[in-house]
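Here is a short report on a predicted model. It covers the annotated domain, the ligand surroundings and the packing of helices.

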Amino acid sequence: MKYDLSEINGVIRDRRTIYPEEYTDRIVQKEMVQQIISNATWAPTHGKTQPWRFKVYSGEGRLKLLEIVRKLYTDCTPAEDYNKHKLARMEQRIERTSVLILLIMCRTENTKIPKIEEIEAVACAGQNMLLTAAAYGLGGYWSSPKYFYTPEANAAFGLKDDDFIQGLIYLGYPSVDWPKSHRKPVEYVTEWID
Ligand SMILES: Cc1cc2nc3c(=O)[nH]c(=O)nc-3n(C[C@H](O)[C@H](O)[C@H](O)COP(=O)(O)O)c2cc1C
């Protein structure tokens, strides 16, 4: 055995979504964020395109994010779905979180790699981030509001049309007992062809 598998199994199983309502006020240190992003960049990519990009919002930078989220929600939500309470909750969540990371697939120019594979690679990077956060005892929340998947969102974040915003990752120290979860049995999702 090259690594301590029980440790790895532990982090994979223990990683949990924890929402900002359940974060303490403790600030997530920059060194941790740097490690989280560094580990993200070790995800696999077809053709080594490394299509991930990260925008880290912390401190006053969160005001810029708040402004963008407010405008996107207002401009991109159909009138019948618009809910001012939902917007207020999103704003409070950003205000309550010391560090938020926007996870982006930045399409490499002149690549033969299908776009779906670039998106998959960035999702792998996202999982590396959440696992690293869990190892630090941080809760993570990967949010993917519909308005991120719009041309308006790409423009607001200064991205190209072909780039793709994959989510906003909230990080924080939990104020609650670490949540438990469960999964379907492996036999239920696996077919062995011997
Ligand atoms: C790509 C992706 C997008 C997600 N988007 C949302 C979201 O918009 N809102 C939300 O409440 N949770 C979102 N989640 C988190 C899931 O709800 C969460 O992973 C799931 O409930 C399982 O809980 P666990 O992470 O604690 O195992 C997302 C997760 C992934 C991987």
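## Domain, ligand shell and helix packing

UniProt, in an unreviewed entry, lists residues 12–173 as "domain: Nitroreductase". Helix makes up 43% of that span and strand 17%. The C-alpha atoms at its two ends are 18 Å apart.

**Ligand and annotated sites**

Which residues are around the ligand? They are Arg 16, Thr 17, Trp 142, Ser 143, Ser 144, Gly 167 and Ser 181. By class, this shell has 5 polar residues, 1 nonpolar and 1 charged.

The unreviewed UniProt entry also carries a "binding site" annotation. It covers Arg 15, Arg 16, Thr 17, His 46, Trp 142, Ser 143 and Ser 144. These positions span 130 residues in sequence, and their farthest two C-alpha atoms are 27.9 Å apart, so they do not all gather at one spot. Arg 15 sits in the loop between helix 1 and helix 2.

**Helix pairs**

The table gives the axis geometry of three pairs.

| Helix pair | Axis distance | Angle |
|---|---|---|
| Helix 1 (residues 5–14) and helix 5 (residues 115–135) | within 9 Å | roughly 105 degrees |
| Helix 2 (residues 30–40) and helix 5 | within 7 Å | roughly 145 degrees |
| Helix 3 (residues 61–76) and helix 4 (residues 84–96) | 10 Å | about 165 degrees |

Start with helix 1 and helix 5, whose axes cross at roughly 105 degrees. That angle makes helix 1 roughly perpendicular to helix 5. Helix 1 contributes Val 11, Ile 12 and Asp 14 to the contact, and helix 5 contributes Leu 131, Ala 134 and Ala 135. By class, the contact has 5 nonpolar residues, no polar ones and 1 charged.

Helix 2 also meets helix 5, in a right-handed crossing. From helix 2 come Gln 35, Ile 36, Asn 39 and Ala 40. From helix 5 come Ala 125, Asn 128, Met 129, Thr 132 and Ala 133. This contact divides into 5 nonpolar and 4 polar residues, with no charged ones.

How do helix 3 and helix 4 lie? They pack at about 165 degrees. They are therefore roughly antiparallel to each other. Their crossing is right-handed. On the helix 3 side are Arg 62, Leu 65, Leu 66, Val 69, Arg 70 and Tyr 73. They meet Leu 87, Met 90, Glu 91 and Ile 94 of helix 4. By class, the contact has 7 nonpolar, no polar and 3 charged residues.

Definitions and conventions:
Residues are numbered from 1 along each chain as its sequence is written. This is a predicted model: local features need pLDDT of at least 70, side-chain atom pairs count only at pLDDT 80 or more; totals for chains, interfaces and linings use all residues. UniProt positions are given in the numbering used here, feature names are shortened, and annotations may be inferred rather than shown by experiment. Helices (H or I, at least four residues) and strands (E, at least two) are DSSP runs, numbered from the N terminus. A residue is near a molecule or strand if its C-beta atom, placed from the backbone, lies within 6 Å of it. Ala, Val, Leu, Ile, Met, Phe, Trp, Tyr, Cys and Pro count as nonpolar, Asp, Glu, Lys and Arg as charged, and the others, Gly among them, as polar. Axes are lines fitted to C-alpha atoms, for helices over the stretch in contact, and angles run from 0 to 180 degrees between N-to-C directions. Angles under 35 degrees count as roughly parallel, over 145 as roughly antiparallel, 65 to 115 as roughly perpendicular and the rest as oblique. Two residues are in contact if their C-beta atoms, placed from the backbone, lie within 7 Å. A crossing is left-handed if the near helix is turned anticlockwise from the far one by less than a right angle, and right-handed if clockwise.
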